[in-house]
Amino acid sequence: PLGAQAADTVLSRIEGTAPALIDVAFVGSCVSLGRHAGLRQFARKDDTAMNLYFDGRLAAMYKEFTCRFAMSKIRREARRPGSVTWFKGGPRPERLPTATGTADGTDASHR
């Protein structure tokens, strides 16, 4: 999804127009550890992790499926530009100050 957004940004810059804001939902993370192990954790549309996941061989197979599915969407977009849509992201939660400083990593006492 971010590759498609990057291509649109490059084309808009070439045309001299402002690029569209990126609003893509990330609904989880996949990690494969070879063909026999992996992890799939789900997330909300705003990319905050949920306590819902599966692992092992099933997660590795899911990761393989995800990669193949993504490739099919890339091929379709190449044949018919604009035909692929992505989930829109939700509103991002406001970051709370951390114990040692602020959400941006700076120490609040030095402001």
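**Notebook: contacts, sheet and helix 2**

I began with the contacts, and among those in the protein with a separation of 6 or more, residues 24 or more positions apart account for 28%. The model I am reading is predicted. I then looked up burial and found that 14% of the 111 residues of the protein count as buried. For the surface I noted about 8700 Å² exposed, with carbon and sulfur atoms supplying 61% of it.

**Elements**

I listed the secondary structure next: two helices and three strands. Read from the N terminus, the order is α-β-β-β-α.

**Sheet**

I traced the three strands and found an open sheet in the order 1-2-3, with antiparallel pairing. At its edges I put strand 1 (28-32) and strand 3 (49-55), each of which pairs on one side only. For the twist I noted that neighbouring strands of this sheet are turned by 15 degrees against each other on average, direction ignored.

I went through the pairs one by one. Strand 1 and strand 2 are antiparallel and share five bridges. Within strand 2, R40 is the residue that stands opposite C30. The hairpin of these two strands, strand 1 and strand 2, has five residues between the strands, and there I found G34 with a positive phi near 85 degrees.

Strand 2 (residues 38-43) is joined to strand 3 by four bridges, and the two run antiparallel. I checked two positions here: A43 has A49 of strand 3 as its bridge partner, and L39 stands opposite D55 in strand 3. The hairpin of strand 2 and strand 3 also has five residues between the strands, and in it D47 takes a positive phi near 75 degrees.

**Helix 2**

I looked at what lies against the sheet. Helix 2 (residues 57-79) packs on it and touches strand 1, strand 2 and strand 3. I noted an angle of about 105 degrees between the direction of helix 2 and that of strand 3.

In helix 2 I picked out K73. Which side chain of opposite charge is nearest to K73? It is E77, 8.8 Å away. I recorded K73 as buried and without a salt bridge; a salt bridge would need the charged atoms within 4 Å. Leaving out residues up to four places away in sequence, I found K73 touching V84, T85 and W86.

**F54**

I moved to F54, which lies in strand 3. Its C-alpha atom is 6.7 Å from that of Q41, although F54 and Q41 are 13 residues apart along the chain. I then listed what F54 touches, not counting residues up to four places away in sequence: G38, L39, R40, F42, A59 and Y62.

**V27**

My last entry is V27, in the loop between helix 1 (2-15) and strand 1. Is V27 buried, exposed or partly exposed? I put V27 down as partly exposed because its relative accessible area is 33%, and buried would require under 20% and exposed over 50%.

Neighbours within four places in sequence aside, V27 is in contact with R40, Q41, F42, A43, R44 and K45. I also checked V27 against A49: the two are 22 residues apart in sequence, and their C-alpha atoms are 8.6 Å apart in space. A49 is the residue I had already entered as the bridge partner of A43.

Terms used. Residues are numbered from 1 along each chain as its sequence is written. This is a predicted model: local features need pLDDT of at least 70, side-chain atom pairs count only at pLDDT 80 or more; totals for chains, interfaces and linings use all residues. Side-chain values use heavy atoms; hydrogens and water are left out. Buried means under 20% relative accessible area, exposed over 50%, partly exposed in between (1.4 Å probe, protein chains only). Contact means heavy atoms within 4.5 Å. Accessible areas come from the Shrake-Rupley method with a 1.4 Å probe; for residues, only the protein chains shown count as cover. Two strands pair if DSSP finds at least two bridges between them. Axes are lines fitted to C-alpha atoms, for helices over the stretch in contact, and angles run from 0 to 180 degrees between N-to-C directions. Lys and Arg count as positive and Asp and Glu as negative; His and the chain ends are not counted.
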